[in-house]
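Here is a friendly walk through some structural labels and the cut-offs behind them. Have the model open as you read.

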Amino acid sequence: LYNSLPVNRREEAKRLAPELFGHHPHSATVVQPVHVDYGVNIFLSEGTFINSGAILFDVAPIHIGKKC
């Protein structure tokens with residue numbers, strides 16, 4: 001569902017993102033589509049930006065720091 005949203009529906013994407021990621025603060029931005037193995041092993045910090053087309057292999061935990 002997250003990846004099927006049009007890019008201009010950012011608020012809806014922000015509402016769905018916490019269901020996909022282990023930790024997703026409201027200030028983090030992930031532009032869809034994004035491809036993950038599990039999602040729950042991805043922990044984003046405040047101000048994180050992940051651009052469209054990112055591929056994250058989270059068979060082990062991934063922690064992305066502040067404003068990255």
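**Labels and their cut-offs**

The buried residues of helix α1 are A13, K14, L16 and A17. This is a predicted model, where local features need pLDDT of at least 70 and side-chain atom pairs count only at pLDDT 80 or more, while totals for chains, interfaces and linings use all residues. Residues are numbered from 1 along each chain as its sequence is written, and side-chain values use heavy atoms, with hydrogens and water left out.

Q: What makes a residue such as A13 or L16 in α1 count as buried?
A: Buried means under 20% relative accessible area, exposed over 50%, and partly exposed in between, using a 1.4 Å probe and protein chains only. A13 and L16 are among the buried residues of α1. The cover over the buried residues of α1 includes β1. Helices (H or I, at least four residues) and strands (E, at least two) are DSSP runs, numbered from the N terminus.

Q: Why is P6 called partly exposed?
A: P6 has a relative accessibility of 36%, so it counts as partly exposed. P6 sits in the segment before α1.

Q: Why is K67 called exposed?
A: The relative accessible area of K67 is 74%, so the label is exposed. K67 lies in the segment after β6 (62-64). Not counting residues up to four places away in sequence, K67 touches E46, G47 and T48, where contact means heavy atoms within 4.5 Å.

Q: How do you know that R9 and E12 form a salt bridge?
A: A salt bridge is a side-chain nitrogen of Lys or Arg within 4 Å of a carboxyl oxygen of Asp or Glu. The closest N and O atoms of R9 and E12 are 2.4 Å apart, and the pair forms a salt bridge. R9 counts as partly exposed because its relative accessibility is 38%, and E12 is partly exposed at 25%.

Q: What makes R15 and E12 a salt bridge?
A: Their closest N and O atoms are 3.7 Å apart, and R15 forms a salt bridge with E12. R15 and E12 are 3 residues apart in helix α1, so about one helical turn separates them. Salt bridges that share partners join R9, E12 and R15 into one network. The structure holds 2 salt bridges.

Q: How do you know that K14 has no salt bridge?
A: The nearest side chain of opposite charge, E11, is 6.2 Å away, and K14 is buried without a salt bridge. For charge, Lys and Arg count as positive and Asp and Glu as negative, with His and the chain ends not counted. K14 does touch H26, S27, A28 and T29, not counting residues up to four places away in sequence.

Q: How do you know that D58 has no salt bridge?
A: For buried D58, the nearest side chain of opposite charge is K14, 19 Å away, and there is no salt bridge. D58 is in the loop between β5 (55-56) and β6.

Q: What makes a space in this structure count as a cavity?
A: On a 1 Å grid over the protein atoms alone, a cavity is a set of points where a 1.4 Å probe fits but cannot get out, and lining residues have an atom within 4 Å of a point. Searching the whole structure finds 1 cavity of 30 Å³ or more. Y2, R10, A13, K14, A17, H24, T29 and V30 line the largest cavity, and α1 gives the largest share of that lining, 4 residues.

Key. On a 1 Å grid over the protein atoms alone, a cavity is a set of points where a 1.4 Å probe fits but cannot get out, and a pocket is an open set with protein on both sides within 12 Å along at least five of seven lines; lining residues have an atom within 4 Å of a point. Grid points are joined across faces, edges and corners, and a volume is the space filled by probe spheres set on the points.
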